[in-house]
Amino acid sequence: NVGYYSLRPDQGHTLSYSQVDRVIQAFEKKNLRPLVIMHCRHFSNSANMSNSDQAIVQRWKDKKVLYTTPPKMNDDWFWLYAGVWRSSLEGGSGLVMVSNDQMRDHHFQMLSTRKFLKWRERHWGNFHFDDRSRDSAPSFVFPSKFSIRMQEAAAKGSWHVPTSDDRTKWICSPAPP
């Protein structure tokens, strides 16, 4: 959904390849290797890409950061699978999926909703652009390095509960005597 950020396809807006490219570039500046997964309809002749959009897409292909999904398939399942698969491999704990789509329409279709929500908490990052200019750099909100869910200290029977949205204040409830 990076390419549609602040755009309304129902009002005639089209995908912004430059927005996607700015996110790619932001990760490359951090020496991270992004993977962009998009449906093939965004690259067909009917996509009406400008020359600059075509150059951007060619650069993605040259860098091997673009995977296009086949026709008649939902690209969400492809990038979700890629993210879950990669995060399960050694070194995959630092993987971050960047999207403002929280997958609410898909996680109810999964067999293990709780496990997905836990995975999403650890691997999901959000983004925004401060303004609509073509030069605006994206800002990111990456997942916390620790869980923000209530946790039990099993050995002692006490509970630790987050008390604020800023994720820094917790209370500890000791086990009863």
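Which backbone oxygen does the side chain of Ser87 reach? In this predicted model, the side chain of Ser87 reaches the backbone oxygen of Val84, at 3.0 Å. The legends below start with the whole chain and return to Ser87 in the last view.

**View 1. Overview of the predicted chain, which contains five helices and eight strands.** Followed along the sequence, the helices and strands succeed one another in the pattern α-β-α-β-α-β-α-α-β-β-β-β-β. The C-alpha trace spans about 70 × 35 × 35 Å along its principal axes, and buried residues make up 34% of the 177 residues in the chain. Of the contacts with a separation of 6 or more, 52% are accounted for by residues 24 or more positions apart.

**View 2. The crossing of helix α1 (residues 17–29) with helix α2 (residues 51–63).** The axes of these two helices come within 10 Å and cross at roughly 35°, and α1 passes α2 in a left-handed crossing. From α1, the contact is made by Tyr17, Ser18, Val20, Asp21, Ile24, Gln25 and Glu28, while α2 contributes Asp53, Ile56, Val57, Arg59, Trp60 and Lys63. Sorted by character, the residues of this contact comprise six nonpolar, two polar and five charged.

**View 3. The open sheet formed by three strands in the order β3-β4-β5.** The pairing within this sheet is mixed, and its edge strands are β3 (97–98) and β5 (138–141), each of which pairs on one side only. Strand β4 (residues 124–129) pairs with β5 in the antiparallel sense over four bridges, and the bridge partner of His128 in β5 is Ser139. Helix α1 packs on the sheet, where α1 touches β3, β4 and β5, and the direction of α1 makes about 65° with that of β5.

**View 4. The surroundings of Ser87, a residue of helix α3 (residues 75–88).** Ser87 has a relative accessible area of 14% and is therefore classed as buried, the cut-off for that class being under 20%. Besides reaching the backbone oxygen of Val84 at 3.0 Å, the side chain of Ser87 is joined to the side chain of Trp119 by a polar contact of 2.8 Å. When residues up to four places away in sequence are not counted, Ser87 touches Gly92, Ser93, Leu95, Trp119 and His123. Trp119 thus appears in this view both as a residue that Ser87 touches and as the partner in the side-chain polar contact.

Technical notes
Residues are numbered from 1 along each chain as its sequence is written. This is a predicted model: local features need pLDDT of at least 70, side-chain atom pairs count only at pLDDT 80 or more; totals for chains, interfaces and linings use all residues. Side-chain values use heavy atoms; hydrogens and water are left out. Axes are lines fitted to C-alpha atoms, for helices over the stretch in contact, and angles run from 0 to 180 degrees between N-to-C directions. A crossing is left-handed if the near helix is turned anticlockwise from the far one by less than a right angle, and right-handed if clockwise. Contact means heavy atoms within 4.5 Å. Ala, Val, Leu, Ile, Met, Phe, Trp, Tyr, Cys and Pro count as nonpolar, Asp, Glu, Lys and Arg as charged, and the others, Gly among them, as polar. Two strands pair if DSSP finds at least two bridges between them. Buried means under 20% relative accessible area, exposed over 50%, partly exposed in between (1.4 Å probe, protein chains only). A polar contact is a pair of N or O atoms within 3.5 Å; within protein, one must be able to donate a hydrogen and the other to accept it, and residues adjacent in sequence count only if both atoms are side-chain atoms.
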